[in-house]
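Here are a few short exercises to work through with the structure open in your viewer. Try each task before reading its solution.

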Amino acid sequence: MSLTRPVRLAGALLAVAVSLTGCAAGSSDFSASPAAVVVKITEQDGTVEPSGDTVKVEQGQDITLLVSSDAEDEIHVHSDPEHEFEVKAEDDQEFTFSIDDPGTYEVESHELGVVIVKLQVS
Ligand SMILES: [Cu+2]
């Protein structure tokens, strides 16, 4: 699995642009910051929150999945290249990645077979 990021400079410039627009601090599950979009994910008793919400991110912006789970799982990001993360039965596991190409990409719980969030990259 390759995690190279050829458009690093573009990502940095976009991060600057994002910082000019401010952030939605204080909102419940999603908090945007100039540096990264953090998506808080909770898996418990065979269910997952959030469940299919759309999260908007910038091309090349860091996306951090902050996962708390009571069971092992595998989280897939259906981008190209795809990202796969091994989830343990632990709180506050962080997985950070970015997506360079615009589009909408599903983040899926492999064990539960459900879409957690859709990342709308533009
Ligand atoms: Cu998948």
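**Exercise 1. Work out whether Q59 is buried, partly exposed or exposed in this predicted model.**

Step 1: count neighbours. Q59 has 16 other C-beta atoms within 10 Å.

Step 2: compare with the cut-offs. Buried takes 20 or more such atoms and exposed takes 12 or fewer, so Q59 comes out as partly exposed.

Step 3: place Q59 in the chain. Q59 sits in the loop that links β4 (53-57) and β5.

Step 4: look for a partner far off in sequence. Q59 and V121 are 62 residues apart along the chain, yet their C-alpha atoms are separated by 5.7 Å.

**Exercise 2. Find which side chains of β5 are buried and which are not.**

Step 1: walk along the strand and note where each side chain points; you'll see them alternate.

Step 2: sort them by face. On one face you get I63, L65, V67 and S69, which are buried. D62, T64, L66 and S68 point to the other face and are not buried.

**Exercise 3. Identify the strands joined to β5 and give the direction of each pairing.**

Step 1: take β2. Eight bridges join β2 to β5, and the two run parallel. As a checkpoint, V38 stands opposite T64 of β5.

Step 2: take β8, residues 93-97. Here five bridges make the link to β5, and the strands run antiparallel. Your checkpoint this time is L66, opposite E94 in β8.

**Exercise 4. Describe the largest nonpolar core and say which strands supply it.**

Step 1: get its size. The core has 18 residues, and V39, I41, V107 and L119 make the most contacts inside it.

Step 2: assign strands. At least two core residues come from each of β2 (36-44), β5 (62-69), β6 (73-77), β9 (103-109) and β10 (114-121). β10 gives the largest share, with four residues.

Step 3: put that in context. In soluble globular proteins, nonpolar side chains tend to be buried together.

**Exercise 5. Summarise the whole fold, then check how confident the prediction is.**

Step 1: list the elements. There are one helix and ten strands, and the helix comes ahead of the strands in the sequence.

Step 2: look at contacts and burial. Of contacts with a separation of 6 or more, 60% join residues 24 or more positions apart. Out of 122 residues, 24% count as buried.

Step 3: check pLDDT. The mean is 83, and 72% of residues reach 70 or more. Watch residues 7-29, though: pLDDT is below 50 there, and the stretch has 24 contacts in the model beyond near neighbours in sequence.

Notes:
Residues numbered from 1 in each chain as written. Predicted model: local features only at pLDDT ≥ 70, side-chain atom pairs only at ≥ 80, totals over all residues. Core = buried A, V, L, I, M, F, W, Y, C linked by C-beta atoms within 7 Å. Contact = placed C-beta atoms within 7 Å. pLDDT = per-residue confidence, 0-100. Pairing = 2+ DSSP bridges.
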